[in-house]
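Grab a pencil and keep the viewer open. Each exercise below gives you a task, then walks you through a solution.

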Amino acid sequence: METVGTELRDHLKRASDQIQAQHRRLEPLFEDLSGVLEGGSSRDAQTAAFRLDGAVKAHFLLEEEVVFPAIRGLRPEHQVELELLAGDHGSLSQGLQTVIDQILKGQLDLAAGSLESCRLAMKDHEHREEAFLGGLDSAESERTL
Ligand SMILES: [Fe+2]
Ligand SMILES: [Fe+2]
């Protein structure tokens, strides 16, 4: 049993580390777009916005298709937390789509405000996600002692 417990703990730890690393890699993409919206061209803003949107979509896909199902399989009692986190992805994606739509219309000032709201909402989501994953890790450690 100890081996199984150790494997589960290692699996959760790796998933948690991978997600945290991706969160850190999203930050400069938000900053790039924010900088471009302050003084760059509409074309540069489109490029930065599509780059950010693609990275966020890939991150959400990893969580929804790989990490969350793995946690659900190992720890089914956390179904509700996982559903809430996955539910955030819809509103965050919609927020980014609003930024893109405003950029495509040339409304760069509006897009800058929408991006800041989106960035804060993403930060809040990431903090809750990392706290949840960190809690799983320590709960799993206690369980296997
Ligand atoms: Fe997430
Ligand atoms: Fe995430």
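**Exercise 1: The iron ion (ligand 1)**

Why is the arrangement of the four donor atoms around the iron ion (ligand 1) irregular?

*Solution.* One thing to keep in mind throughout: this is a predicted model.

Step 1. Find the donors. The iron ion (ligand 1) is held by E63 (OE), H89 (NE2), H125 (NE2) and E129 (OE), at 2.1 to 2.2 Å.

Step 2. Check the angles. The four donor atoms subtend angles of 85 to 176 degrees at the iron ion (ligand 1), and that makes the arrangement irregular. To count as tetrahedral, four donors would need all angles between 85 and 135 degrees.

Step 3. Find the donors in the sequence. Their spacing reads E-x25-H-x35-H-x3-E. E63 in helix 2 (residues 42-74) and H125 in helix 4 (residues 108-144) sit 62 residues apart, so this pair links distant parts of the chain.

**Exercise 2: The iron ion (ligand 2)**

Work out which residues bind the iron ion (ligand 2) and which residue bridges it to the iron ion (ligand 1).

*Solution.*

Step 1. List the protein donors: H23 (NE2), H59 (NE2), E63 (OE) and E129 (OE) lie 2.0 to 2.2 Å from the iron ion (ligand 2).

Step 2. Write the spacing. Along the sequence you get H-x35-H-x3-E-x65-E.

Step 3. Look at the "x3" part of that pattern. H59 and E63 are both in helix 2, four residues apart, which is about one turn of the helix. An α-helix has 3.6 residues a turn, so residues three or four places apart point the same way.

Step 4. Spot the bridge. E63 bridges the iron ion (ligand 2) and the iron ion (ligand 1), and the two ions lie 3.2 Å apart.

Step 5. Check the angles again. Around the iron ion (ligand 2) the four donor atoms subtend 81 to 166 degrees, which makes this arrangement irregular too.

**Exercise 3: Buried or exposed?**

Sort E63, H59, H125, S114 and L84 into buried or exposed.

*Solution.* You need two cut-offs: buried means under 20% relative accessible area, and exposed means over 50%.

Step 1. Start with the metal-binding residues. E63 has 0% relative accessibility, so E63 is buried. H125 comes in at 1%, so H125 is buried. H59 has 2%, so H59 is buried as well.

Step 2. Move on to S114, in helix 4. Its relative accessibility is 18%, so S114 counts as buried. Leaving out residues up to four places away in sequence, S114 touches T98, V99 and Q102.

Step 3. Finish with L84, which belongs to helix 3 (residues 79-104). With 56%, L84 is exposed. For a sense of scale, the C-alpha atoms of L84 and E38 are separated by 34 Å, with their positions 46 residues apart along the chain.

**Exercise 4: A walk along helix 3**

How does the reach of helix 3 compare with what is expected at 1.5 Å a residue, and which residues of helix 3 are buried?

*Solution.*

Step 1. Compare the spans. Helix 3 has 26 residues and reaches 38 Å from its first C-alpha to its last, close to the expected 38 Å.

Step 2. Pick out the buried residues. They are L82, L85, D88, H89, L92, L96, V99, I100, Q102 and I103.

Step 3. Look just past the end. Right after helix 3, G106 takes a positive phi of about 80 degrees.

**Exercise 5: The nonpolar cores**

Which residues in the largest nonpolar core touch the most other members?

*Solution.*

Step 1. The largest nonpolar core has 22 residues, and the ones touching the most other members are L33, L37, L52 and I103. Helix 1 (2-39), helix 2, helix 3 and helix 4 each supply at least two residues of this core.

Step 2. Zoom in on L33. Not counting residues up to four places away in sequence, L33 touches A45, A48, A49, L52, V99, I103 and L115.

Step 3. Don't stop at one core. A second, separate core of 12 residues includes L62, F68, L85 and L133.

**Exercise 6: The whole protein**

How many helices and strands does the protein have, and what box do its C-alpha atoms fill?

*Solution.*

Step 1. Count: there are four helices and zero strands. Along the sequence, that reads α-α-α-α.

Step 2. Box it in. Along the principal axes, the C-alpha atoms fill roughly 60 × 25 × 20 Å.

Step 3. Add burial: 37% of the 145 residues are buried.

Methods: Residues numbered from 1 in each chain as written. Chains lettered and ligands numbered in written order. Predicted model: local features only at pLDDT ≥ 70, side-chain atom pairs only at ≥ 80, totals over all residues. Heavy atoms only, no water. Donors = N, O, S within 2.8 Å, 3.2 Å for Na, K, Ca; no water. Tetrahedral: all angles 85-135°; square planar, octahedral: opposite > 155°, others 65-115°. Buried < 20%, exposed > 50% of the residue type's maximum accessible area, 1.4 Å probe, protein only. Expected span 1.5 Å × (residues − 1). Contact = heavy atoms within 4.5 Å. Core = buried A, V, L, I, M, F, W, Y, C linked by side-chain atoms within 4.5 Å.
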